[in-house]
Amino acid sequence: MTPSQVKTDTDVELDEAGEGGARIYRFSGDWRSVSIHTVTSKLEGLATGGGGVSEVDLSAITAMDTAGAWLIRRFMTRIGDTRLTSDNPRYVELLGALPETLPEPAADGRKSRLLFVRFFTPVGKTVVSAWEDTIAAMFILGSAVRGAQLKLGRHSGLSPAAIVNQIDRMGVQAVPIITLMSFLIGAIIAQQGAFQLRYFGAELFVVDLVGILQLREIGVLLTAIMIAGRSGSAITAEIGSMKMREEVDALKVMGLSPIGILVFPRLVALTVALPLLTIIANFAALTGAAVVTWSYSGITFATFLSRLQEAVDFSSVLAGMIKAPFMALIIGVVAAVEGLKVGGSAESLGKQVTQSVVKSIFVVILVDGLFAVFYASIDF
């Protein structure tokens with residue numbers, strides 16, 4: 001074939017004049033991805049198996065890429081036995097490297113694997129994140145304790161002013177909201193308890209209900225939840241904003257410990273303030289319960305106090321107060337961990353503040369449940 005006879009248009013022709021009536025498929029032109037779309041429908045019409053061996057002639061092909069080779073290879077597979085002829089050995093080698101058929105994907109297996117990955121990937125990320133948060137919390141708690149030990153021998157190591165300032169912000173300024181919340185909670189429990197016990201003629205036992213529930217569980221738990229939302233978020237926002245402005249890195253460059261300067265005073269303040277706020281919350285809740293029982297059930301204040309002394313002993317008060325320091329440390333450590341994870345954007349700050357509140361409340365409730373199980377096991 002002379003150069004003037006070389007066809008540049010992509011095409012395929014069927015010639016049945018071969019030896020013994022064999023079919024000859026003559027491919028010509030440019031068989032690359034940019035031009036093979038013009039012959040796909042024609043190939044579909046010619047792809048019918050015939051008797052004997054068919055011949056595929058590639059002598060007139062001017063160019064071929066992998067897409068064209070795949071199309072020709074699939075065509076050869078569909079027409080049955082074929083014999084390949086070509087003036088260009090590279091085309092023959094390319095076609096020979098391609099398999100006759102592609103393996104069919106296992107749709108069901110892929111779908112099951114996809115569901116497996118979608119289900120367990122978030123679980124795995126949550127477990128890894130929880131483990132990393134636990135390690136970070138242990139590091140912060142250990143650094144704070146170790147820093148306190150080192151500072152005890154120095155005249156200017158501890159900063160009483162910073163601790164007192166934090167106690168004022170986290171404790172004194174929280175007294176109004178804690179008092180109001182506890183007063184309302186005590187009043188609601190007393191009202192609902194008296195309403196239900198009235199059917200049994202045992203309205204006086206609402207004092208037992210409010211006293212034990214408030215002193216052992218509700219008082220410290222709700223106070224800790226309020227402090228987690230109020231002070232825990234503030235700690236995360238303060239440390240996170242310092243992290244955004246690279247003030248934490250500046251402390252490290254100056255040879256100072258960010259944990260000792262930023263976290264330790266807040267941990268001490270929370271440990272001091274939360275038990276005191278719990279005592280205020282207990283008094284407020286019992287006051288609210290006494291007011292409601294007096295107005296709703298006719299139980300006088302003297303009768304309320306007398307019944308309260310009989311129903312509540314020192315162990316009930318102690319059971320609630322023991323939890324307060326642990327919950328304070330949890331709130332402070334979780335808030336500090338989330339604050340130190342803040343990146344360089346306001347979105348990161350908002351996300352970590354939210355995470356701080358959610359995680360603090362969750363861990364506080366979890367610890368309260370563990371204390372309840374522990375108290376029940378030792379009959380306390």
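Q: What makes the 41 residues that include Ile227, Val263, Leu270, Leu274, Ile331 and Val364 a nonpolar core?
A: A nonpolar core is a set of buried Ala, Val, Leu, Ile, Met, Phe, Trp, Tyr and Cys residues joined through side-chain atoms within 4.5 Å; buried means under 20% relative accessible area (1.4 Å probe, protein chains only). The 41 residues form the largest such set in this predicted model, and the six named touch the most other members. H11 gives the largest share, eleven residues.

Q: How do you know which residues Ile227 is in contact with?
A: Contact means heavy atoms within 4.5 Å. Beyond four places in sequence, Ile227 has such contacts with Met170, Ala174, Gly232, Leu270, Leu274, Leu277 and Ile331.

Q: Why is the contact of H9 with H11 described by an angle and a distance?
A: Two packed helices are described by the angle between their axes and the distance between the axes. For H9 (residues 258-297) and H11 (residues 314-340), the axes come within 8 Å and cross at roughly 145°. Axes are lines fitted to C-alpha atoms over the stretch in contact, and angles run from 0 to 180 degrees between N-to-C directions.

Q: How many residues of this contact are charged?
A: Asp, Glu, Lys and Arg count as charged; the contact has no charged residues, with 17 nonpolar and three polar.

Q: What is the mean pLDDT of the protein?
A: pLDDT, the predictor's confidence in each residue, runs from 0 to 100, and its mean here is 83. Over residues 1-6 pLDDT stays under 50.

Q: What rules apply to the numbering and the values?
A: Residues are numbered from 1 along each chain as its sequence is written, and side-chain values use heavy atoms, without hydrogens and water. Local features need pLDDT of at least 70 and side-chain atom pairs 80 or more, while totals for chains, interfaces and linings use all residues.

Methods. Helix = DSSP H or I, 4+ residues; strand = E, 2+ residues; numbered from the N terminus. Buried < 20%, exposed > 50% of the residue type's maximum accessible area, 1.4 Å probe, protein only.
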